[in-house]
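The following questions and answers concern the arrangement of secondary structure in a single chain. Each answer proceeds from the geometry to the value or name requested.

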Amino acid sequence: MYKLVNPSHLAVLLVVLCGLSLQGCVTPEGGQQPNILSTEQEIALGDKMATEVEANEKILNDPIIDDYVKEIGVRLARISPRQDVPYRFTVVDNPDTVNAFALPGGHMYIYTGLMKLCQNEAQLASVMAHEIGHVAGHHHGESLTRQYGYSMLIGFILGDRSSQGAEVAAQLIGTIGELRFSRGQENESDRIGMDMMWRAGYNPEAMVSFMERMLQNEQQQGRGQPALKFLSSHPATAERIAALQALVAQYPADLRATSPVYAERYQEKVLNRLK
Ligand SMILES: [Zn+2]
């Protein structure tokens with residue numbers, strides 16, 4: 001289904017946790033789905049998954065880039081509509097993969113391949129705001145509930161020392177390929193994310209320009225190009241771009257025109273360092 005750069009069950013798990021499925025359960029705009037995960041359980045699950053991510057991916061550990069990304073994340077997270085989870089932002093050193101995802105409970109991973117594709121800070125902020133939107137919308141809990149139900153989820157959360165828990169965990173990771181975010185959830189994340197960008201002082205048009213850039217790169221995709229993994233869960237379709245343009249049009253054009261994208265700062269802090 002996906003071309004995985006580092007094939008592993010974990011990678012499948014991560015890709016699908018921020019995915020869009022045309023076969024998925026399409027919900028009405030803003031409609032809520034059942035979610036049996038409490039905030040505490042969601043955080044516990046996310047912490048377990050974060051441990052696995054960090055055991056399987058190379059974390060960048062560049063103090064300048066790390067601090068910069070954290071600064072952007074904090075600027076967005078402090079105005080997130082959801083304030084009961086600890087948002088955390090980690091850069092993955094993988095220039096060949098264009099990806100970013102949020103785990104349940106607020107861990108977020110941003111790949112250097114995606115950062116290199118961004119032209120300015122506002123474009124990176126648009127991706128991060130979208131991912132915060134999934135957390136703020138409780139989309140992980142909704143999707144996991146829909147897919148796995150109560151007993152399996154609780155087994156995964158509590159079962160690190162029991163064989164049954166390990167079995168459930170293996171099953172969850174091994175079969176999670178069917179779990180995706182729905183079109184309705186993706187739209188909701190775009191809406192929440194763009195609103196956060198606007199309120200944080202970024203030009204919301206950057207969310208559109210980044211998606212256009214992804215579409216352009218997809219069309220040029222060839223050998224030696226970074227894998228656009230983000231697109232497997234976030235297709236840059238004309239339809240999606242049109243929906244983003246409609247969202248942007250809700251904000252006053254004159255104020256948008258003077259909203260910053262911070263291209264120079266991004267060049268200095270990220271692009272010059274990731275060459
Ligand atoms: Zn998404």
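**Sheet, hairpin and helix packing**

Q: In what order do the three strands form the open sheet?
A: In this predicted model, the sheet is open and its pairing is mixed. The edge strands, each pairing on one side only, are E1 (88-92) and E2 (100-102). Neighbouring strands are turned by 15° against each other on average, with direction ignored. The order of the strands is E1-E3-E2.

Q: What is the angle between the direction of helix H3 and that of E1?
A: Helix H3, which spans residues 63-77, packs on the sheet. H3 touches both E1 and E3. Its direction and that of E1 make an angle of about 140°.

Q: How many bridges pair E1 with E3, and how many join E2 to E3?
A: E1 and E3 pair in the parallel sense, and Thr90 stands opposite Tyr109 in E3. E2 and E3 (residues 107-111) run antiparallel, with Ala100 opposite Ile110 in E3. The bridges number five for E1 with E3 and three for E2 with E3.

Q: Which residues of E3 lie on each of its two faces?
A: Five of the five residues of E3 are buried, so this strand is largely enclosed by the rest of the structure. Both of its faces are covered. One side carries His107, Tyr109 and Tyr111, and the other carries Met108 and Ile110.

Q: Which residue in the turn of the E2 and E3 hairpin has a positive phi?
A: The hairpin of E2 and E3 has four residues between its strands. In that turn, a phi of about 85° belongs to Gly105.

Q: Is Pro104 buried or exposed?
A: Pro104 is placed in the loop between E2 and E3. A residue counts as buried if 20 or more other C-beta atoms lie within 10 Å of its own. Pro104 has 28 other C-beta atoms within 10 Å, and therefore it is buried.

Q: Which residues does Pro104 touch, not counting residues up to four places away in sequence?
A: Pro104 and Gln41 are 63 residues apart in sequence, yet their C-alpha atoms are 9.2 Å apart in space. With residues up to four places away in sequence left out, those that Pro104 touches are Glu42, Leu45, Gly46, His140 and Gly141.

Q: Are H5 and H8 parallel or oblique to each other?
A: Helix H5 (residues 121-136) packs against helix H8 (residues 183-199) with the axes 7 Å apart. The angle of packing is about 120°, and the crossing is right-handed. The two helices are therefore oblique.

Q: How many nonpolar, polar and charged residues does the contact of H5 with H8 have?
A: From H5, the contact includes Ala125, Ala129, His130 and Ile132. From H8, Glu188, Asp190, Ile192 and Met196 are among the residues met. By class, the contact has seven nonpolar, seven polar and two charged residues.

Q: What percentage of contacts between residues at least 6 apart in sequence join residues at least 24 apart?
A: The chain has 13 helices and three strands. Of its 275 residues, 45% count as buried. Among contacts between residues at least 6 apart in sequence, the portion joining residues at least 24 apart is 75%.

Terms used:
Residues are numbered from 1 along each chain as its sequence is written. This is a predicted model: local features need pLDDT of at least 70, side-chain atom pairs count only at pLDDT 80 or more; totals for chains, interfaces and linings use all residues. Axes are lines fitted to C-alpha atoms, for helices over the stretch in contact, and angles run from 0 to 180 degrees between N-to-C directions. Angles under 35 degrees count as roughly parallel, over 145 as roughly antiparallel, 65 to 115 as roughly perpendicular and the rest as oblique. A crossing is left-handed if the near helix is turned anticlockwise from the far one by less than a right angle, and right-handed if clockwise. Two residues are in contact if their C-beta atoms, placed from the backbone, lie within 7 Å. Ala, Val, Leu, Ile, Met, Phe, Trp, Tyr, Cys and Pro count as nonpolar, Asp, Glu, Lys and Arg as charged, and the others, Gly among them, as polar. Two strands pair if DSSP finds at least two bridges between them. A residue is buried if 20 or more other C-beta atoms lie within 10 Å of its own, exposed if 12 or fewer, and partly exposed in between; C-beta atoms are placed from the backbone.
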